[in-house]
Amino acid sequence: MARDPRYDVLFEPVKIGPVVAKNRFYQVPHCTGMGWQRPRMLAEMRGMKAAGGWGVVSTEYNSIHPSSDDTPHPCASLWDDSDIRAHSLMTDNVHAHGALAGAELWYGGIRTSNMLTREVSMDLDNYPNSVGNPFQTRAMDKTDIGTLRHWHRRAALRARDAGFDIVYVYATHGYLISNFLNPRMNTRSDEYGGGLENRTRLVRELIQDAKEAVGDRCAVAVRFSTDDEIGEDGVPVHGERREMFEMLAELPDLWDINVADYSLEMGVSRFVKEAPLEPYMDFVKSVTSKPVVTVGRFTSPDTMVSQVKRGIVDLIGAARPSIADPFLPEKIEQGRVDSIRECIGCNVCYAGDSLGVPIRCTQNPTMGEEWRKGWHPEEIAAKGSDDNVLIVGAGPAGLEAARALGERGYHVTLAEARRDLGGRVTRECALPGMSEYARVRNYREHELLNLPNVEVYRESPLTADDVFAFEADHVAIATGATWRRERFDGEVFVSVAVPGTTPVILTPDDIMSGTLPPPGPVLVYDEDGYYLGGVIAEHLRSAGHAVSLATPADNISDWAEKTSERWRVRTHLMKLGVETIVSHSLHSFDGDCALLKCAYSGAENPRAVASVVMVSYRRPNDALYHELLASVDGQIDKLPFSLLRIGDCEAPAIIAAATYAGHKYARELDAPVDPDEPLKHDRVDVGADTAAMTKAAR
């Protein structure tokens, strides 16, 4: 199909200083959980985006010196010549597809405690570490400022030598350089403190230093926040930022605009929708002649065109949309807009960096697996046989398995017990703020329509006899999981019902099926610790119930901190009038009183409630799997078909794990993986290095 002419503007080249981006699609710097530790995985992942049509592909933050070490978060680095060689893997991959490569230079200051390098970090004062580590920074003197400029210049030179086309001065997100701009933090009495001229001096010098270092080989970009402080969403508090921006407006070759509230800039879809930064951009293009980029979780090409034509941006910035679909630009260019895997805004990608592990994605199960497993988001090996496959269950795992196997050319039958496809996704997306999660189902359901070799049967619960009668060569059980009514005491699952009583104890499955608690106060008890406890509490509150939410963790939605939403979850619940109780486990419930106990002291906290909703753990719906096994006395090789459980049916987890499981099943159906070495390991091979050095010495 041809490109829709409405989108032609997105494919216009953009001049950025001495270099030219081939189109307006700009993958801004974003974390990967790979950093300097996994250069081959990183290079292949970034190169895949260039192959997908992105005009600019940038790194994550590059530490310019060992005194800016963010371990356990895996940052990139430009410390020495070995980093040049490592980064060249990426830039070569990016250039091979005609894209520009960008490198973000970074010094953490207050953010870093240098747990790996044990170097002392520097900042404006002896600040405590901003993420809570028991370390403080050294207060910088003018010699330190000169040293910082020296390190920054050397990193810019290394970036140039590694093949990067755009070099960043990173002046936002609360790191060292942005602190110099902050009037509350910067109380210096010399030429680097005081008025705007002085507080912007370091940024001006770093821009000048970088330009002198890279010459006409690279463009110099600045990442900058246009608002002074966090305010109400969509209502920027610009303060002196406009004046500051006007002073710097023409110095760099590109402006990459951010905002003070990272939970808005990086907001989850439950709270933040597409293009949320537009109000913060209201003056930017009127002040500078240089190209401007910003993010907005852009997935709609119509929104992208609107942003460009109305003069909001020159380049469409993206991190998460480029992760969910590295081939988003190519699909727009080829007229395949309906096949875009739209980002659902769950921020599981960001959780990888928070956890210090390689990036993953709910929508794109190949993300992070490009090098170590050889997975391509748009290409998959043709079928290895004429076998047919039966998949039981059309949740996220079953849908993805059917889609990927269908792409391979297998004849697939997908049987779903319910009328609607999507499993847990369909049920959860009907809850408050969760509508964009439906994209997991919608993308796969749309793709199945174009696969005549995949048959979908709705309202078709299968028994073991049905499975045998089907005479498939391969059977995958993807029947999901069911929420338990019990809690886990650390060793076993236990009931909270007082013996001899029949209290109203519900689960998320009950709520999502339309069952509401009886009149009276409701306690939502959350041992899951992710998003669903808060969503259920909001749903019940909107239905008119008095709701309290208790958790044994020290924070509400504790794991959601990894996805940068925990603060918003608790704030939102407080605004709704939901009482929150932390560090308390649910000991018992008799129908009138829920007995909570402090996780530390054991002190009892009785609560008068009429019902309890348990958001604890899930039990796999694996009865069909075990029934099939039982028919051959557990000897799986005696079955007339291969049999596997996939997704939540095997081990309940997050939705991203389910789509990954389905994709993995499809890839490995006729290409079994060695269980002892299931993937390539991206690390320094000491033996190989030693052998090479010995050979060179000869």
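In this predicted model, Ser-263 touches Val-272, Ser-564, Trp-567 and Arg-568, leaving out residues up to four places away in sequence. One of these partners is also held by a polar link: the side chains of Ser-263 and Arg-568 are joined by a polar contact of 2.8 Å. Ser-263 itself sits in helix H8, which covers residues 262-265. With a relative accessibility of 10%, Ser-263 falls under the 20% cut-off and therefore counts as buried.

Turning to the nonpolar interior, the largest core has 75 residues, and Leu-10 and Phe-245 are the ones with the most contacts inside it. Helix H6 (residues 201-214) is the top contributor to this core, giving 7 residues. As for Leu-10, its contacts beyond four places in sequence take in Asn-23, Arg-24 and Phe-25, together with a set further along the chain made up of Pro-301, Met-304, Val-305, Val-308 and Ile-316. There is also a second, separate core of 58 residues, with Val-28, Val-259, Leu-264 and Ala-537 among its members.

Next comes helix H14 (residues 396-408). Its 13 residues should span 18 Å at 1.5 Å a residue, and the end C-alpha atoms do lie 18 Å apart, so expectation and model agree. H14 is largely enclosed by the rest of the structure, because 12 of its 13 residues are buried. The buried set runs from Pro-396 through Gly-406 without a break, and Arg-408 belongs to it too; charged side chains are part of it, including Glu-400 and Arg-403. What packs over these buried residues is a mix of helices and strands. The strands include E14 (388-392), E15 (411-415) and E16 (454-457), while the helices include H15 (424-428), H16 (438-449) and H22 (655-668). Just past the end of H14, Gly-409 adopts a positive phi of about 105 degrees.

Finally, there is a small piece of sheet to look at. Three strands make up an open sheet in the order E25-E26-E27, paired antiparallel. Strand E25 (584-589) and strand E27 (604-608) are the edges, each pairing on one side only. From one strand to the next, the twist averages 30 degrees. Between E25 and strand E26 (residues 593-598), the antiparallel pairing extends over 5 bridges. Within this part of the sheet, Phe-589 stands opposite Ala-594 of E26.

Definitions and conventions:
Residues numbered from 1 in each chain as written. Predicted model: local features only at pLDDT ≥ 70, side-chain atom pairs only at ≥ 80, totals over all residues. Heavy atoms only, no water. Pairing = 2+ DSSP bridges. Helix = DSSP H or I, 4+ residues; strand = E, 2+ residues; numbered from the N terminus. Axes fitted to C-alpha atoms, helices over the stretch in contact; angles between N-to-C directions. Core = buried A, V, L, I, M, F, W, Y, C linked by side-chain atoms within 4.5 Å. Buried < 20%, exposed > 50% of the residue type's maximum accessible area, 1.4 Å probe, protein only. Contact = heavy atoms within 4.5 Å. Expected span 1.5 Å × (residues − 1). Polar contact = N/O pair within 3.5 Å; in protein donor to acceptor, adjacent residues only side chain to side chain.
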